[in-house]
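Here's a quick walk through the structure, from the way the chain is divided to the place where the ligand sits. Have the viewer open as you read.

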Amino acid sequence: MIDFSFTEEQDLFREAIREWLAKNLPMERVRENDTNHTLGKDLIRGLGDLGLLCMTLPEDHGGAGADWVTATIAAEELGYADISVSLPVFFLVQASWGFVVDKYCQDVVRDICLRKAARGEGFIGIGVTEPGGGSDVSGFQTTFSKGEGNWTLNGEKTYISGTHECQEMGGGYFVTGFNDRSQGHRGMTAVYLPLDFEGVEVSKRFDNYGRMAISTGGFKMTDVKVPEEYQLGETGRGFYLTMEGFDAARVLVSASCIGAAERAMEIGMDYIKERHVFGQPIAKYQGVQFDLADMAAHHEAIKMLVYRTAWMMDQKYQHGTFTPLEVSKYLSMCKYLAPHHALDTFRRVMLWMGAYGYTKECPLEMGIRGVMSYCIGAEGAANIQKVVIARETLGREWTRR
Ligand SMILES: Cc1cc2nc3c(=O)[nH]c(=O)nc-3n(C[C@H](O)[C@H](O)[C@H](O)COP(=O)(O)OP(=O)(O)OC[C@H]3O[C@@H](n4cnc5c(N)ncnc54)[C@H](O)[C@@H]3O)c2cc1C
């Protein structure tokens, strides 16, 4: 027997967030944040007060002990409210990378970072990408050298979300590097790196194409001494921890894109019901209705996939009924399909709106710019998702050597 319904608690949770966001983050505020390049401290604190920040952490670690289906509902609602996906990025980075840091850290890291991040008084992010490599870890240059009670980090991380917010609020990043390059990806280790440590230099803020309210920057590490209590997991497991974090982030990214696409469809439907051409509303024309039907059908299919995958994550973490690789395949399907579906939805709805859709009086362009970041690469490039899907479908023996 299959039950596709949410629990009563989850339905109430969704209603409460939608109501809070409708009041505190109307579309005018989304535009304002996009223009002023800020998320707004009130909104971050508000998410903390609602228990949404780091919500996947256990309650006694500062989180809400939320399961992945519930976190996925939050991500969808945030995407619905903020189609630029800036606030969703802030939320999902905390919920996914906070989760992985919490799972593998010692208490000291919870005390200096995670509990504060859960209250909206600190930031926890992911610092993996380097100038020499994004998808391909063999291009990474960051090194970890073991000393007496600490690691010394040297290298550079770039295209990193939230560097400006992290500087303002305090906090740090999940960071990986090679402790033994000869071991390939098995020679990578992860640490929690506070951004204000000596030897860390925050470089520029990129002038991005979209999701303007949250920063994207980078940082250089020169002989940075990180206490060994800040190490995450075992030495040599950094790559695997990174993959676990990406997996957690991918379901939330996908849900944000689904939320944004749903809002775009609603905005579009309101418009075509009002706007008349050749004597009747645009909505009456079958050419436009077929476009809507196509979008709506894809939307429902991908949304089901996203929630089914969130459910699989809960089964994996709570009961061990799916292996991590089984779930990764579905997470990659979500991360491949949802951002492209959202981009396509924004593009098509914008066409319904004629010239108005091409102006900043219409909110849709913020959505196109925002979800494009997830088509390009944030939390993993599209082709890498296809590599995972093909590998887990065809069998590992067909993997490129
Ligand atoms: C807005 C934004 C925010 C980001 N925030 C963060 C962050 O917070 N932390 C962080 O660590 N990183 C972050 N990133 C970086 C992101 O993780 C990388 O962009 C991503 O991993 C891809 O790496 P790359 O950009 O170097 O592209 P590359 O790896 O150079 O890939 C370029 C192109 O080649 C394709 N490609 C790569 N490998 C293959 C293959 N085997 N077969 C076929 N095609 C392939 C890719 O699909 C892509 O189209 C962010 C990126 C963006 C755009």
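## Domains

In this predicted model, the chain splits into domain 1 (8-121), domain 2 (124-232) and domain 3 (239-398). Take the centres of domain 1 and domain 3 over C-alpha atoms and you get a separation of 20 Å. On the domain 1 side, 31 residues go into the contact, and domain 3 puts in 41 residues.

## A helix to look at

Scroll to α9, which runs over residues 286-319 and has 34 residues. From its first C-alpha to its last, α9 reaches 48 Å, close to the 50 Å expected at 1.5 Å a residue. Right after α9 comes Gly320, with a positive phi near 65°.

## Who surrounds the ligand

Now for the ligand: 16 residues surround it, and the closest are Ile126, Thr129, Ser135, Tyr159 and Ser161. By type, the shell around the ligand has seven nonpolar residues, eight polar ones and one charged.

Which domains does the shell draw at least three residues from? Domain 2 (124-232) and domain 3 (239-398) each supply that many.

## Polar contacts and cover

Backbone atoms of Ile126, Tyr159 and Gly134 are worth checking here. A polar backbone atom of Ile126 is 2.7 Å from a nitrogen atom of the ligand. For Tyr159, a backbone N or O atom lies 2.9 Å from a ligand nitrogen. With Gly134 the partner on the ligand is an oxygen atom, 3.4 Å from a backbone N or O atom of that residue.

How much of the ligand's accessible area does the protein cover? On its own the ligand has 970 Å² of accessible area, and the protein covers 66% of that. In terms of secondary structure, β1 (123-127), β3 (150-161) and α13 (382-394) are the elements giving two or more residues to the shell. β3 gives the most, with three residues.

Key. Residues are numbered from 1 along each chain as its sequence is written. This is a predicted model: local features need pLDDT of at least 70, side-chain atom pairs count only at pLDDT 80 or more; totals for chains, interfaces and linings use all residues. Side-chain values use heavy atoms; hydrogens and water are left out. A residue is near a molecule or strand if one of its heavy atoms lies within 4 Å of it. A polar contact is a pair of N or O atoms within 3.5 Å; within protein, one must be able to donate a hydrogen and the other to accept it, and residues adjacent in sequence count only if both atoms are side-chain atoms. Accessible areas come from the Shrake-Rupley method with a 1.4 Å probe; for residues, only the protein chains shown count as cover. Helices (H or I, at least four residues) and strands (E, at least two) are DSSP runs, numbered from the N terminus. Ala, Val, Leu, Ile, Met, Phe, Trp, Tyr, Cys and Pro count as nonpolar, Asp, Glu, Lys and Arg as charged, and the others, Gly among them, as polar. Domain bounds come from an automatic or database domain assignment. The expected span of a helix is 1.5 Å times one less than its number of residues. Contact means heavy atoms within 4.5 Å.
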